[in-house]
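Trainee: I would like to take a close look at a single part of this protein with you. Could you walk me through that part and then show me how it sits in the rest of the chain?

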Amino acid sequence: MGMIVGLCTLELHIPDVQSLKGKRQVLSSLITRLRNRFNISVAEIEEQDIWQKAILGVACVANDTGRVNQVLDQVLNFIRSNPSIELLRSQIEVL
């Protein structure tokens with residue numbers, strides 16, 4: 001039985017923030033909810049100094065490719081359902 005790692009890169013637009021502080025509040029809340037709900041690792045990996053844009057990296061580990069894909073799909077749907085965040089682009093890799 002092997003270990004399957006799923007990686008997802010998310011490009012987000014946060015239109016209602018007017019400062020880096022506002023961006024951090026939105027992202028902190030989102031990252032906490034994602035971690036608690038899906039038991040994944042999440043971090044802001046790029047664009048830290050741009051107010052309305054964020055690049056997040058998400059990692060999921062399981063013993064089944066189907067489970068990894070399911071969790072990452074749920075993460076994408078969760079983000080799409082958030083009215084304060086627009087998902088611009090996503091990329092999933094399974095290792």
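Trainee: Which residues of H2 are buried?

Mentor: Happy to go through it, and please keep in mind that this is a predicted model. The buried residues of H2 are Val 68, Val 71, Leu 72, Val 75, Leu 76, Phe 78 and Ile 79. Around the helix axis they cover an arc of only 160 degrees, so they lie on the same side of H2. As for what covers these buried residues, the list includes strand S1 (4-13), helix H1 (20-38), strand S3 (53-62) and S4.

Let us look at the helix itself. H2 has 16 residues, and the distance from its first C-alpha to its last is 23 Å, close to the 22 Å expected at 1.5 Å a residue. At the N-terminal end, H2 is capped by Asp 64. There, a side-chain oxygen of Asp 64 is 3.0 Å from the backbone nitrogen of Gly 66.

Now pick one residue from the buried set. Leu 76 sits in helix H2, which runs over residues 65-80. Its relative accessible area is 5%, under the 20% limit, and therefore Leu 76 counts as buried. If you set aside neighbours within four places in sequence, Leu 76 is in contact with Cys 8, Leu 10, Leu 87, Ser 90 and Ile 92. You can also look from Leu 76 towards Leu 56, which is 20 residues away along the chain. The C-alpha atoms of these two leucines are separated by 12 Å.

Another member of the buried set, Phe 78, brings us to the aromatic rings. The count of aromatic pairs comes to one. In that pair, Phe 38 and Phe 78 meet edge-to-face, with 5.8 Å from centre to centre and 80 degrees between the planes. Phe 38 belongs to helix H1 and Phe 78 to helix H2, so the pair ties together parts that are 40 residues apart in sequence. Both Phe 38 and Phe 78 are buried.

Follow the chain onward from H2 and you come to Asn 82, in the loop between H2 and strand S4 (86-94). With 12% relative accessibility, below the 20% limit, this loop residue counts as buried because of that cut-off. The side chain of Asn 82 makes a polar contact of 2.8 Å with the side chain of Ser 84. Not counting residues up to four places away in sequence, Asn 82 touches Leu 30 and Arg 33.

H1 deserves a look as well, since Phe 38 lies in that helix. In the loop between H1 and S2 you will find Asn 39. Its relative accessible area is 71%, over the 50% limit, so Asn 39 is exposed. Asn 39 also has a positive phi of about 55 degrees, although it is not a glycine. Most residues other than glycine have a negative phi. Glu 47 is another non-glycine residue with a positive phi, near 60 degrees. Glu 47 lies in the loop between S2 and S3 and is partly exposed, with a relative accessible area of 25%.

Between those two loops comes strand S2 (residues 41-46), which holds Glu 44. The side chains of Glu 44 and Lys 23 are joined by a polar contact of 3.0 Å. Leaving out neighbours within four places in sequence, the contacts of Glu 44 are Lys 23, Arg 24, Leu 27, Ile 31, Ala 54, Ile 55 and Leu 56.

Finally, step back to the whole chain. It contains two helices and four strands, and along the sequence they follow the pattern β-α-β-β-α-β. Among contacts with a separation of 6 or more, 71% are between residues 24 or more positions apart. Buried residues make up 37% of the 95 residues in the chain. The radius of gyration is 13 Å, which agrees with the value near 12 Å that a compact globule of 95 residues would have. Along its principal axes, the C-alpha trace spans about 50 × 20 × 20 Å.

Note on methods
Residues are numbered from 1 along each chain as its sequence is written. This is a predicted model: local features need pLDDT of at least 70, side-chain atom pairs count only at pLDDT 80 or more; totals for chains, interfaces and linings use all residues. Side-chain values use heavy atoms; hydrogens and water are left out. Buried means under 20% relative accessible area, exposed over 50%, partly exposed in between (1.4 Å probe, protein chains only). Contact means heavy atoms within 4.5 Å. A polar contact is a pair of N or O atoms within 3.5 Å; within protein, one must be able to donate a hydrogen and the other to accept it, and residues adjacent in sequence count only if both atoms are side-chain atoms. The expected span of a helix is 1.5 Å times one less than its number of residues. The arc is that of the directions from the helix axis to the C-beta atoms. Rings of Phe, Tyr and Trp (its six-membered ring) pair if their centres lie within 6.5 Å; planes under 30 degrees apart count as stacked, over 60 as edge-to-face and the rest as tilted. The radius of gyration is taken over C-alpha atoms; the globule rule is 2.2 Å times the number of residues to the power 0.38.
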